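Here is a friendly walk through the open and enclosed spaces of a protein model, followed by its aromatic rings. Please keep the structure in view as you read.

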Amino acid sequence: DFIDNSAGVDCSDNEVNIKIALNAEVAAGRLSEDDRNALLAEMTDDVAALVLRDNTLQTQALSIAERGGVAALPGHIRLIEMLEDSAAELDRRVEGLASTEALTQRGRAGHGLTRPELAVVMAYAKMAVYDAVVASDIVDDPLLVPVLHAAFPRAMQHRFAAAIDHHRLRRELVATKLANALVNRGGLTLPFELAEEFGVGLADVAGAFVAARDLFDFRGLWEAIDAADVPGPVHLDLHVAAVSALATQMADLLRSGAGMAPTVLAGKLRPGIARLGDALADLLRPEPKAQIDRLATALTALGAPAAIADRLVRIEALDGAVGVGLLAADLGVGEAGIAAAYTDLGAATGLDWAKGAAMALTPADPWERLLKASLVRDFEALRLDLLHRIVPPGGDAEAAVAAWQAANAPAVTRIAAATTRARTGAGVTTAMLAHLAAQARAVLAG
């Protein structure tokens, strides 16, 4: 019921926020009361559009969460447990949510959370993200100024931009919009899973979301999916694919850009990522190219329009671009050279395959999810850390890797042999990949 009635609450919130800004203009003598009232009437349709947009995205997010079905239940159970321990203080008895044991039994019967249950979890998830963000520095990041302005009708954006900038509820407005966007677009569990995997706060995850959204034009992707002339289920599947792409890039930003503000990260990475995107055809080696080709085939089978499939494939093909871009900036060398050296290492050792295999794992529970995340992180970070050690500032990354491989040929051969045995075996397991990661760590981290 509260989801169905949320438009009314949203409308009231918009009214209050608009009047706070305009009343300050009236009090300062920059706007007469009659003009204020006329403007309020003029903006009625724009406010309605803002409210309907908020509610459309929220309902869509519920549908995406519901689409996860029983496979998503372990993650939803873990989220409920985390929300019980958070400042949001979810009380299952008050909210009518079953115990972990009862939900686990439900999962064995093949059922996930119901839509009303997901609505409750979503509300608490947004409150938890809001509480973390509103108390953080991220609300003052320049990349979020457009988010603040977009919370108001266009007439106010054009005529009273300064009043919006100095709104006395500015922090609360930005935190609300960011929490809504992160949960609506990223999904119920993503912010909490990434916080748990990297041992960071929800505000840090929100910062990674802001940077990823800007660097990889996720707004354009989401708008294209929303506008696509495809059946409803395909819309949802495409948004699920977008969540996967978003999660990959956010994880890389948390892994390689820890402690950097979104504006700093975006400014440091934007030119390099653009250059890497332009050079993808030359940089992709056989293993990552095969993974990208499989994604393209899957999206086509799904019914994705070509333009949307191309966007998703491009974002996935840029997996690793964050770490490569930051390392290139730190060393003062070209991104293409670092990327080539990174993939040369991956091809020689088999770690490109290992990282792709780890990313393809389907964890059965939260513990396996954490192990999967750790493996993906290791297969990337070990190579980047090695490059940081062996490539001199301003040096030739590919030459440095070639020299290192020649000096460590027996060890590289051992890793490659183990990887070959794994990839030609009966099936990929987390234990197998954990063993490969340990072997690679012993050589690359030495």
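How much space lies in the second largest pocket? In this predicted model, the answer is about 1,700 Å³.

## The second largest pocket

Let us begin with the walls. A total of 47 residues line the second largest pocket, and those nearest its centre are Leu50, Asp54, Thr176, Lys177 and Asn180. Several helices give two or more residues to this lining, among them H1 (6-27), H3 (44-67), H7 (115-134) and H14 (218-227). Helix H11 (170-186) also belongs to that group, and H11 gives the most to the lining, with nine residues.

As for chemical character, the lining of the second largest pocket has 25 nonpolar residues, alongside 13 charged and nine polar ones.

## The enclosed cavity

The model also has one cavity of 30 Å³ or more. The largest cavity holds about 50 Å³ of space. Around it you will find Gly75, Arg78, Leu79, Met82, Thr189, Phe192, Glu193, Glu196 and Arg369.

Two helices, H4 (73-85) and H12 (190-198), each supply at least two residues of this cavity's lining. H4 has the largest share, with four residues. By type, the lining of the largest cavity divides into four charged, three nonpolar and two polar residues.

## Aromatic rings

Now for the rings: the structure holds two aromatic pairs. Phe209 and Trp222 are stacked, with 6.1 Å from centre to centre and 20 degrees between the planes. Since Phe209 lies in helix H13 (residues 202-215) and Trp222 in helix H14, this pair ties together parts that are 13 residues apart in sequence. Are Phe209 and Trp222 buried or exposed? Both are buried.

Why is the pair of Phe218 and Trp222 called tilted? The ring planes of Phe218 and Trp222 stand at 35 degrees, with the centres 5.8 Å apart, so the pair counts as tilted; the tilted class covers angles that are neither under 30 degrees nor over 60. Phe218 and Trp222 are four residues apart in helix H14, so about one helical turn separates them. Both of these residues are buried too. Through the ring pairs, Phe209, Phe218 and Trp222 are linked into a cluster.

## Charges over rings

Two arginines are worth a look as well. Arg377 lies over the face of Phe198, at 5.1 Å from the ring centre. Arg383 lies over the face of Tyr342, at 4.0 Å from the ring centre.

Note on methods:
Residues are numbered from 1 along each chain as its sequence is written. This is a predicted model: local features need pLDDT of at least 70, side-chain atom pairs count only at pLDDT 80 or more; totals for chains, interfaces and linings use all residues. Side-chain values use heavy atoms; hydrogens and water are left out. On a 1 Å grid over the protein atoms alone, a cavity is a set of points where a 1.4 Å probe fits but cannot get out, and a pocket is an open set with protein on both sides within 12 Å along at least five of seven lines; lining residues have an atom within 4 Å of a point. Grid points are joined across faces, edges and corners, and a volume is the space filled by probe spheres set on the points. Ala, Val, Leu, Ile, Met, Phe, Trp, Tyr, Cys and Pro count as nonpolar, Asp, Glu, Lys and Arg as charged, and the others, Gly among them, as polar. Rings of Phe, Tyr and Trp (its six-membered ring) pair if their centres lie within 6.5 Å; planes under 30 degrees apart count as stacked, over 60 as edge-to-face and the rest as tilted. Buried means under 20% relative accessible area, exposed over 50%, partly exposed in between (1.4 Å probe, protein chains only). A charge sits over a ring if NZ of Lys or CZ of Arg is within 6 Å of the ring centre and within 35 degrees of the ring normal.
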